[in-house]
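Trainee: Please take me through this model one question at a time, with each term explained as it comes up.

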Amino acid sequence: MESELIAVRNLRVSFASDAGLARVLDGVDLTIGRGEIMGLVGESGCGKTTLARAILGILPGNSARIEAGSIRFDGRDLLAMDQDRLAREVRGKEIAYIPQDPFTAFNPVFTIGTQIDDLMRYKSPLLRSAPQMSRRERSRADRARVLDLLRLVQLPDPEGVLRKYPHEVSGGQRQRLMIAMALLPEPKLVIADEPTTALDVTVQAQILKILKQLARERGVAVLFTTHDLGTAYEICDRITVMYAGQEVEEAPVASFFAQPSHPYTRKLLDSLPSSENGIRGIAGEIPRLIDPPSGCRFHPRCERASEACRGTRPPRDALGPAHTVRCHHPLIAAEQAA
Ligand SMILES: Nc1ncnc2c1ncn2[C@@H]1O[C@H](COP(=O)(O)OP(=O)(O)OP(=O)(O)O)[C@@H](O)[C@H]1O
């Protein structure tokens with residue numbers, strides 16, 4: 001792994017609901033290196049979006065509670081930072097966001113150009129790198145950068161696109177716009193939350209290729225959440241697997257597919273559709289997060305589970321320099337790992 005950009009440690013987040021307190025993140029650890037593309041995978045409801053939102057500092061204030069943990073980003077603890085400073089200096093600047101549904105991210109009553117100009121007024125990297133520039137010079141320079149980036153995300157007729165309203169461009173074009181807008185402030189980390197689920201498969205592949213290429217060229221790290229292991233294989237350097245609010249394995253892509261160590265990772269891989277097995281689900285059910293299983297939350301669905309798994313959550317064991325697993329009975333032990 002490159003040098004560390006973000007380190008989430010022991011993050012605990014609960015949501016209050018009428019049915020009780022749901023422990024949605026239960027002591028999550030996650031590390032992403034500079035310029036690294038990290039995939040966050042796991043079944044629906046395992047906490048991927050909640051983790052992404054906690055990093056962005058946009059958990060719903062009325063129901064979510066951060067109970068413990070730290071999020072160190074480029075030398076600062078985001079959870080200890082003043083909320084206004086976080087909004088002014090970090091969110092949308094150093095950490096950018098590409099949402100699942102690009103349509104709701106745009107305001108329907110303004111042209112795309114107006115919305116990009118507004119973004120640049122507050123988030124232009126020139127505010128930092130060339131503070132002496134007049135506003136007019138800055139907006140001219142920003143406009144040139146915007147057009148360059150729109151060409152790089154392969155939008156036809158970039159000038160024309162800027163004059164359009166969000167409903168006048170296709171879903172794929174809106175998502176290309178979101179990638180360009182996320183990269184404009186020159187962030188260090190982009191959080192892409194299932195950025196292509198709303199698109200058809202061919203457009204998905206093109207967009208992911210563009211995201212990967214631009215992130216690589218600019219040395220931007222990406223946290224990429226997805227249900228789809230095939231997509232994670234295509235674009236990620238490493239993959240973190242979450243199960244019911246706990247991270248269970250973090251591995252470089254090659255080891256993830258060749259040497260999965262956590263039984264849940266193995267089952268996720270076995271559930272990929274194949275010509276021999278068809279589609280095989282994972283036996284058992286995801287636990288309720290209001291009264292989750294003790295110890296390792298996967299133990300009720302795990303054939304290898306023992307008393308130890310019911311009793312305590314396994315520690316994070318290193319299998320290799322960038323490969324860790326939390327399991328009392330891992331499929332691959334440290335001495336066998338590549
Ligand atoms: N605002 C909220 N209030 C109460 N519970 C919530 C809230 N947001 C999320 N949750 C609960 O937190 C859990 C994790 O949800 P989250 O959206 O983080 O999962 P996910 O892995 O991103 O799922 P998906 O892949 O379906 O998007 C779920 O049980 C969900 O019901």
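**Contacts, core and domains**

Trainee: Leaving aside its neighbours within four places in sequence, which residues is Val190 in contact with?

Mentor: This is a predicted model, where local features need a pLDDT (the predictor's confidence in each residue, from 0 to 100) of at least 70, side-chain atom pairs count only at pLDDT 80 or more, and totals for chains, interfaces and linings use all residues. Residues are numbered from 1 along each chain as its sequence is written. Two residues are in contact if their C-beta atoms, placed from the backbone, lie within 7 Å. With those neighbours set aside, the contacts of Val190 are Ala96, Ile98, Ala182, Ala215, Val220 and Val222.

Trainee: Which helix gives the largest share of the largest nonpolar core?

Mentor: A nonpolar core is a set of buried Ala, Val, Leu, Ile, Met, Phe, Trp, Tyr and Cys residues joined through C-beta atoms within 7 Å, where buried means that 20 or more other C-beta atoms lie within 10 Å of a residue's own. The largest such core has 82 residues, and Val190 is among those with the most contacts inside it. Its largest share, seven residues, comes from residues 171–183, which form helix α8 (helices are DSSP runs of H or I, at least four residues, numbered from the N terminus).

Trainee: How are α8 and α9 oriented, roughly parallel or roughly antiparallel?

Mentor: Helix α9 spans residues 201–218, and it packs with α8 at an angle of about 10°, taken between N-to-C directions on a scale from 0 to 180 degrees, with axes as lines fitted to C-alpha atoms over the stretch in contact. Because angles under 35 degrees count that way, α8 and α9 are roughly parallel.

Note on methods:
Buried ≥ 20, exposed ≤ 12 C-beta atoms within 10 Å, placed from the backbone. Helix = DSSP H or I, 4+ residues; strand = E, 2+ residues; numbered from the N terminus. Parallel < 35°, antiparallel > 145°, perpendicular 65-115°, else oblique.
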